[in-house]
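Welcome to a short walk through this model. Have the sequence and the 3D view open side by side, and follow along from one element to the next.

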Amino acid sequence: MLTTPLDQDKFTALINAAVDGIVIINHAGIIETVNAATLAMFGYTEEEIVKQNVSLLMPSPDREQHDTYLKNYLSKGTAKIIGIGRDVMAQRKDGSQFPVHLSVGKFTVQGAIQFVGILSDQSARKTAEVELEQLRKYNYHQDKIATIGTLASGILHEVNNPLAAISGIVHELQWGEAADDLPESAKNLLTIVQENIERITNITREVSDLSTPSSNHVELYSLNELIERTLRLLRFDKNNHDIDFVTKLSPDIPAIEGVPDHITQVLFNLLVNAIDACHDSKPMHVVEIATEMTNQAVLLTIHDNGTGIRPEHLNKVNEPFFSTKPPGKGTGLGLSLCHSLLKEEGGKLEIDSTFNQDMNNHSEKSHGTTVKVWLPQNRKN
Ligand SMILES: Nc1ncnc2c1ncn2[C@@H]1O[C@H](COP(=O)(O)OP(=O)(O)OP(=O)(O)O)[C@@H](O)[C@H]1O
Ligand SMILES: [Mg+2]
């Protein structure tokens with residue numbers, strides 16, 4: 001407790017030394033005093049802010065409703081923040097928004113009620129939370145792929161032994177002593193059997209290859225090969241059997257220097273988004289994947305004729321945690337993860353989409369979503 005009265009100079013020095021923003025308002029919400037931290041946080045000068053309604057510092061809908069909050073508190077004692085404190089959004093002079101923790105206290109000076117708000121900028125903490133969540137999601141995806149790989153290796157092992165036995169018998173029938181007794185038509189059939197045995201072996205090997213130790217190792221990789229492998233895995237999922245994956249992969253694109261595992265993650269996220277959008281729409285699902293060389297970089301295009309993105313959502317889809325999917329189906333981190341991974345690869349991603357009002361109309365190829373990913377041939381470290 002203060003034992004001597006605090007003079008104006010000391011009071012001003014005290015509030016200006018505070019790291020957090022301090023805003024004092026009167027009973028009607030009019031700002032009477034702000035400290036230096038508040039001005040720095042919001043980008044206003046003292047003249048611009050003092051005597052203004054405090055709602056100036058808030059985005060909608062709080063901006064329009066703040067006067068009512070105050071009135072309700074003063075008439076009925078209903079407190080939304082006063083005496084409680086909570087995380088809210090604040091709005092800078094330039095219109096940008098940022099998270100703050102706001103705690104509000106009430107005091108009375110010479111019979112007049114006043115409120116003091118202490119604002120602590122939470123942007124850094126929120127960014128750290130988002131990064132942590134992205135890392136979690138990245139690891140989750142890696143774990144998922146690794147699990148599929150382990151499973152596939154197990155299957156490969158189990159399947160390979162009987163396959164080797166079958167293959168041996170077929171080989172014996174084709175080329176061994178018994179071969180002389182077999183008619184030509186039977187030998188032809190055996191060739192088909194042998195080819196199919198090879199196909200099974202290749203499929204299991206591909207899946208287990210896909211997951212072999214994921215790393216951050218920079219190497220030269222073939223984008224087309226990563227696409228083929230990722231698609232093979234997605235095609236295994238019987239939920240995707242109604243989707244026609246069409247590839248237009250240019251044989252002329254160069255090997256790319258980078259972390260192939262990052263690109264596999266990006267492909268997975270983008271293709272799963274495309275698949276989800278198709279499942280939400282009527283039949284005739286097509287996901288088209290194309291690669292081509294442009295002047296600057298290798299261009300990967302993924303086009304789907306699914307639902308498309310509502311125009312009002314288009315500038316939000318890249319934000320972390322924005323998802324239109326039901327809980328448990330999407331965390332809303334897929335695209336932001338793609339952006340961070342591509343940044344590391346020196347690449348970038350752009351989304352263009354036409355929302356499908358009429359899902360029965362698939363005649364227009366432009367319907368749906370097109371994601372373009374540019375990857376430089378050489379990663380700049
Ligand atoms: N190809 C697409 N077609 C239609 N909408 C899309 C497409 N790709 C993304 N979106 C929209 O963007 C939102 C955000 O996508 P993002 O990949 O970041 O998260 P998510 O798919 O919802 O969840 P997560 O990827 O974390 O599982 C989606 O919820 C969806 O509304
Ligand atoms: Mg996604």
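Let us start in a loop: Lys51 lies between helix H3 (46-49) and helix H4 (62-76). Its backbone deserves a glance, since phi of Lys51 is near 80°, a positive value in a residue that is not glycine. Please keep in mind that this is a predicted model. The loop between H3 and H4 also holds Pro61, and the peptide bond leading from Ser60 to Pro61 is cis, with omega near 0°.

## The antiparallel sheet

From here, turn to an open sheet of five strands. Its order is E2-E1-E5-E4-E3, and the pairing is antiparallel. Which strands stand at the edges of this sheet? They are strand E2 (31-34) and strand E3 (86-91); each has a single partner strand, so one side of each lacks a neighbour in the sheet. On average, and with direction ignored, neighbouring strands here are turned by 35° against each other.

The edge strand E3 is worth following to its partner. E3 pairs with strand E4 (residues 97-109) in the antiparallel sense, over six bridges. Two of the matched positions are easy to find: Gln91 stands opposite Gln97 in E4, and Met89 has Pro99 of E4 as its bridge partner. E3 and E4 form a hairpin with five residues between the strands, where Gly95 takes a positive phi near 90°.

## The mixed sheet

Another open sheet of five strands runs in the order E7-E9-E10-E12-E11, this time with mixed pairing. At its edges stand strand E7 (243-249) and E11, each with a single partner strand, so one side of each is left without a neighbour in the sheet. Neighbouring strands of this sheet are turned by 15° against each other on average, direction ignored. Helix H7 packs on the sheet and touches E7, strand E9 (285-293), E10 and E12; the direction of H7 makes about 170° with that of E7.

Strand E12 (residues 368-375) is a good place to look at pairing in detail. E12 pairs with strand E10 (residues 298-304) in the antiparallel sense over seven bridges. Within that pairing, Leu300 is matched with Val373 of E12, while Thr301 has Lys372 of E12 as its bridge partner. E12 also pairs with strand E11 (residues 348-354), again in the antiparallel sense and over seven bridges. There, the bridge partner of Ser353 is Thr369 in E12.

## Helix packing around H8

Two helix pairs share helix H8, and the table sets out how they pack.

| Helix pair | Angle | Distance between axes |
|---|---|---|
| H7 and H8 | about 45° | 10 Å |
| H8 and H9 | about 150° | 9 Å |

Take H7 (residues 223-236) and H8 to begin with: they pack at an angle of about 45°. That angle makes H7 oblique to H8, and the crossing of the two is right-handed. In this contact, Leu223, Leu226, Ile227, Thr230 and Leu234 of H7 meet Pro260, Ile263, Thr264, Leu267, Phe268 and Leu271 of H8. By class, these residues divide into nine nonpolar, two polar and no charged.

Now look at H8 and H9, which pack at about 150°. This makes H8 roughly antiparallel to H9, and their crossing is left-handed. On the H8 side, the contact includes His262, Gln265, Val266, Asn269, Leu270 and Asn273; on the H9 side are Gly334, Leu337, Cys338, Leu341, Leu342 and Glu344. The residues of this contact divide into six nonpolar, five polar and one charged.

## The ligand shell

The tour ends at ligand 1. How many residues surround ligand 1? The number is 21, and the closest are Asn273, Ala277, Ser323, Gly330 and Gly334. Two of these names have come up before: Asn273 of H8 and Gly334 of H9 also take part in the contact between those helices.

Helix H8 (260-279) and helix H9 (334-344) each supply at least two residues of the shell. Which element gives the largest share of the shell around ligand 1? It is H8, with four residues. By class, the residues around ligand 1 divide into seven nonpolar, twelve polar and two charged.

Key
Residues numbered from 1 in each chain as written. Chains lettered and ligands numbered in written order. Predicted model: local features only at pLDDT ≥ 70, side-chain atom pairs only at ≥ 80, totals over all residues. Pairing = 2+ DSSP bridges. Axes fitted to C-alpha atoms, helices over the stretch in contact; angles between N-to-C directions. Near = placed C-beta within 6 Å. Nonpolar A, V, L, I, M, F, W, Y, C, P; charged D, E, K, R; others polar. Parallel < 35°, antiparallel > 145°, perpendicular 65-115°, else oblique. Left-handed = near helix turned anticlockwise from the far one by under 90°. Contact = placed C-beta atoms within 7 Å.
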